[in-house]
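Here are my notes on the model you sent over. Have it open while you go through them.

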Amino acid sequence: NTRRLSLTRQLGLGISRVVIDAGHGGYDPGARARGLEEADIVLDIAKRLEQRLSTYPIEVVLTRRRDDYIPLEARTRLANRVDADLFLSIHANASPHTSTRGVETYFLNLTNDVTSETLAASENAATVETIGHLPDLLQAIATNDKLEESKHFAELVQQAIVDTLRKVDPEIPDLGVKQAPFIVLIGARMPSVLAEISFVTNEHDATFLSTDVYRDLIADALFKAILRYERTLKKHTGLETVLQAGSG
């Protein structure tokens, strides 16, 4: 049972421009706990990631460089406008249960999972969309032809973050790759994922999140995931084997 190749892979498309979205900002600080603000943490990590990518022939566009409020819809519109090849939204998680910790990565799809629904509801709270837009939004999710690629990218992001953070925090839970209808991912014309890098509401995670070392490791992991994703796009697709078999 071979996994069918997405059109992106059939056409041999690569990556030259990545949009990095630091979640929240301005009058929307995101999750706040233990003296930390999600908007600050993720902007800092986005800039560290940009620095790493600048040594590579990949152009980076940040949705925000300061503590500004950018509407959710404008973030994806920007990615479409600059013809980005990947969209990565960075967030820090929160939970009413302070014992909850770990890392999870999302791609855009509908979900039946209550926790994912709740997270989407809180991350989407700032949207300007109204109920009248629901049919269009559902249509955009249903025709999300980047689903397979987004899922694949999400798997690489999740694996890279967990592997990298376990160097300093061997017990960090791998909460897995999930799907949810995040407004910030809807309408993106490129593979797009949302990474929840740790919980500000958990004492253990928050202590780590406040350190440079941990933020550097997260930036390293995201950098690795982007490069790995690009490599998988350019990998030989088994064509040589077929050709060799044919000529034998």
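1. H24 is a good place to begin. Buried or exposed? Its relative accessibility is 8%, and the cut-off for buried is under 20%, so H24 counts as buried. Do bear in mind that this is a predicted model.

2. Where does H24 sit in the fold? You'll find H24 in the loop that runs between strand 1 (17-22) and strand 2 (32-33). Have a look at the backbone there too: phi of H24 is near 60 degrees, a positive value in a residue other than glycine. As background, most residues other than glycine have a negative phi.

3. D83 also deserves a glance. Phi of D83 is near 55 degrees, again positive and again in a residue other than glycine. D83 belongs to the loop between helix 3 (72-81) and strand 5 (86-93).

4. Back to H24 for a moment, since H24 is one of the residues around the largest cavity. The others in that lining are G23, D28, L72, H91, E123 and A126. The largest cavity has a volume of about 40 Å³, and the structure holds 1 cavity of 30 Å³ or more. Sorted by class, its lining has 2 nonpolar, 3 polar and 2 charged residues.

5. Now for an open site, the second largest pocket, with a volume of about 490 Å³. Which residues come closest to its centre? Of the 26 that line this pocket, they are N93, A94, S95, L119 and S122. Two or more lining residues come from each of strand 5, strand 6 (103-108), helix 4 (114-123), strand 7 (174-180) and strand 8 (192-199).

6. Which element gives the most to the lining of that second largest pocket? The answer is helix 4, with 6 residues. As for the chemistry of the lining, the split by class is 10 nonpolar, 10 polar and 6 charged residues.

7. Last one: R48, which is in helix 2 (residues 38-53). You might wonder how a charged side chain like this one is placed. R48 has a relative accessible area of 12%, and since anything under 20% is classed as buried, R48 is buried.

8. What does R48 have around it? The side chains of R48 and D44 are joined by a polar contact of 2.9 Å. Setting aside neighbours within four places in sequence, R48 is in contact with D212, R215, D216 and A219. If you're clicking through the model, show R48 together with D44 and then add those four contact residues.

Methods
Residues numbered from 1 in each chain as written. Predicted model: local features only at pLDDT ≥ 70, side-chain atom pairs only at ≥ 80, totals over all residues. Heavy atoms only, no water. Helix = DSSP H or I, 4+ residues; strand = E, 2+ residues; numbered from the N terminus. Buried < 20%, exposed > 50% of the residue type's maximum accessible area, 1.4 Å probe, protein only. Polar contact = N/O pair within 3.5 Å; in protein donor to acceptor, adjacent residues only side chain to side chain. Contact = heavy atoms within 4.5 Å. 1 Å grid on protein atoms, 1.4 Å probe; cavity = no way out; pocket = protein on both sides within 12 Å on 5 of 7 lines; lining within 4 Å. Points joined across faces, edges and corners; volume = space filled by probe spheres on them. Nonpolar A, V, L, I, M, F, W, Y, C, P; charged D, E, K, R; others polar.
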